[in-house]
Amino acid sequence: MKSKVFKRLSVVLVMVIALVTVSACTAKEPGSSDSKKEETAKKDKKSGKTKVGFIVQDLTINYFLSVVKGVEDFQDKYDMEVQVIDGHSDAPTQVDAVENLITQEVDCIVICPVDTVAPEAAVKEAQAAGIPVITWSEKIEGADAWIAVNNYDYGFENGKIAGQWILDNLDKQEDAKVMYVYVKENEQLIERGEGMMDGLASLAPDAETVAVQSGNTTESGMEAVETTLAKHPDLNVIVCSNDSVALGAYEAMVSAGKSDAKVCITGQDADEKNLEYIAQDTILKGTVDIGAYDQGELLCQSVEKVLKEGKVADPIYVSFTPVTMDNVKDVMGR
């Protein structure tokens with residue numbers, strides 16, 4: 001009887017030892033093959049590039065092309081993979097872009113909104129999905145950071161260039177027949193337009209304003225000036241909210257035979273073509289340099305900051321410099 005019991009105990013003991021051995025063999029000990037696979041997977045995920053959706057207002061505007069070039073040139077430095085999306089100056093298109101980027105599970109979204117209210121719900125949806133949103137130029141309430149342009153001051157510097165030209169080149173301030181072109185449907189650009197007017201008036205308060213029209217592209221700038229010339233053929237000062245509009249104004253005035261007249265066109269953004277015209281002493285007399293290309297790196301830095309530190313409460317302001325014949329070659333040489 002004892003012999004049978006001993007044999008049964010021996011069998012049970014052997015089975016327990018076997019189970020323990022199997023369990024030990026299948027455990028994921030540090031340094032084991034499975035453990036190494038998990039560590040490698042985590043490392044690969046960690047070392048992957050930060051995916052950023054970059055939504056601009058309109059890629060027909062030279063300023064945005066310059067900023068995009070900066071972003072694309074600096075993305076590798078900040079270990080980012082940037083997807084640029086053209087908003088085509090259309091708020092619903094930008095909202096759709098935000099929603100598509102949420103579906104793609106990007107790490108961060110940067111948007112320069114056409115309309116500051118339309119994307120609010122989509123921005124909250126992105127944040128709920130763990131995707132921070134940085135708003136650029138125009139402010140979207142609730143965004144994680146705001147890359148800001150003081151649009152009034154920016155426009156004021158532009159207006160001052162035109163005002164100084166009037167003082168230096170016309171016999172009387174009243175001889176100035178002034179036109180302003182900016183987007184009158186955009187809150188931030190309305191502020192820029194007000195700055196343009198106040199800047200000119202700070203030096204030439206007696207200049208006559210003959211037209212205020214809306215425009216944001218080269219084509220719209222050309223059409224606005226052509227329309228105004230039909231009513232005011234003595235138009236001689238055109239203050240534009242960006243350099244794309246200023247190029248359109250330039251083309252319209254040249255087509256009207258006013259390339260050699262006492263005419264002043266000013267813009268903003270310091271686009272390459274505009275700088276060339278200023279350097280050649282054409283009727284395009286000035287612009288304001290906002291460092292568009294360098295803003296590309298600023299945007300990359302801001303993405304990195306938000307992803308590491310979280311929401312940035314204070315605006316991150318962009319600096320700018322007035323450009324005329326006096327300093328245009330310095331700006332071009334940068």
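Let's start with two helices: α8 passes α9 in a right-handed crossing. Keep in mind that this is a predicted model.

**The helix pair**

Two packed helices are described by the angle between their axes and the distance between the axes. For helix α8 (residues 218-231) and helix α9 (residues 243-255), the packing angle is about 45° and the axes lie 7 Å apart. Angles under 35 degrees count as roughly parallel and those from 65 to 115 as roughly perpendicular, so α8 is oblique to α9.

Which residues of α8 and α9 make the contact? The table shows them helix by helix.

| Helix | Residues in the contact |
|---|---|
| α8 | Thr218, Gly221, Met222, Val225, Glu226, Leu229 |
| α9 | Ser244, Val245, Leu247, Gly248, Ala249, Glu251, Ala252, Met253 |

By character, the residues where α8 meets α9 comprise eight nonpolar, four polar and two charged.

**The sheet**

Now for the strands. Six of them form an open sheet with mixed pairing, in the order β7-β6-β8-β9-β10-β12. Why do β7 (208-213) and β12 (321-323) each have one side without a neighbour in the sheet? Both stand at the edges, and each has a single partner strand, so that side is left free of a neighbour. From one strand to the next, the twist averages 15°.

Strands of a sheet pair through backbone hydrogen bonds, either parallel or antiparallel. Here, strand β9 (residues 264-266) and strand β10 (residues 284-289) run parallel and are joined by two bridges. If you'd like a spot to look at in the structure, try threonine 266, whose bridge partner in β10 is glycine 286.

Notes: Residues are numbered from 1 along each chain as its sequence is written. This is a predicted model: local features need pLDDT of at least 70, side-chain atom pairs count only at pLDDT 80 or more; totals for chains, interfaces and linings use all residues. Side-chain values use heavy atoms; hydrogens and water are left out. Two strands pair if DSSP finds at least two bridges between them. Helices (H or I, at least four residues) and strands (E, at least two) are DSSP runs, numbered from the N terminus. Axes are lines fitted to C-alpha atoms, for helices over the stretch in contact, and angles run from 0 to 180 degrees between N-to-C directions. Angles under 35 degrees count as roughly parallel, over 145 as roughly antiparallel, 65 to 115 as roughly perpendicular and the rest as oblique. A crossing is left-handed if the near helix is turned anticlockwise from the far one by less than a right angle, and right-handed if clockwise. Contact means heavy atoms within 4.5 Å. Ala, Val, Leu, Ile, Met, Phe, Trp, Tyr, Cys and Pro count as nonpolar, Asp, Glu, Lys and Arg as charged, and the others, Gly among them, as polar.
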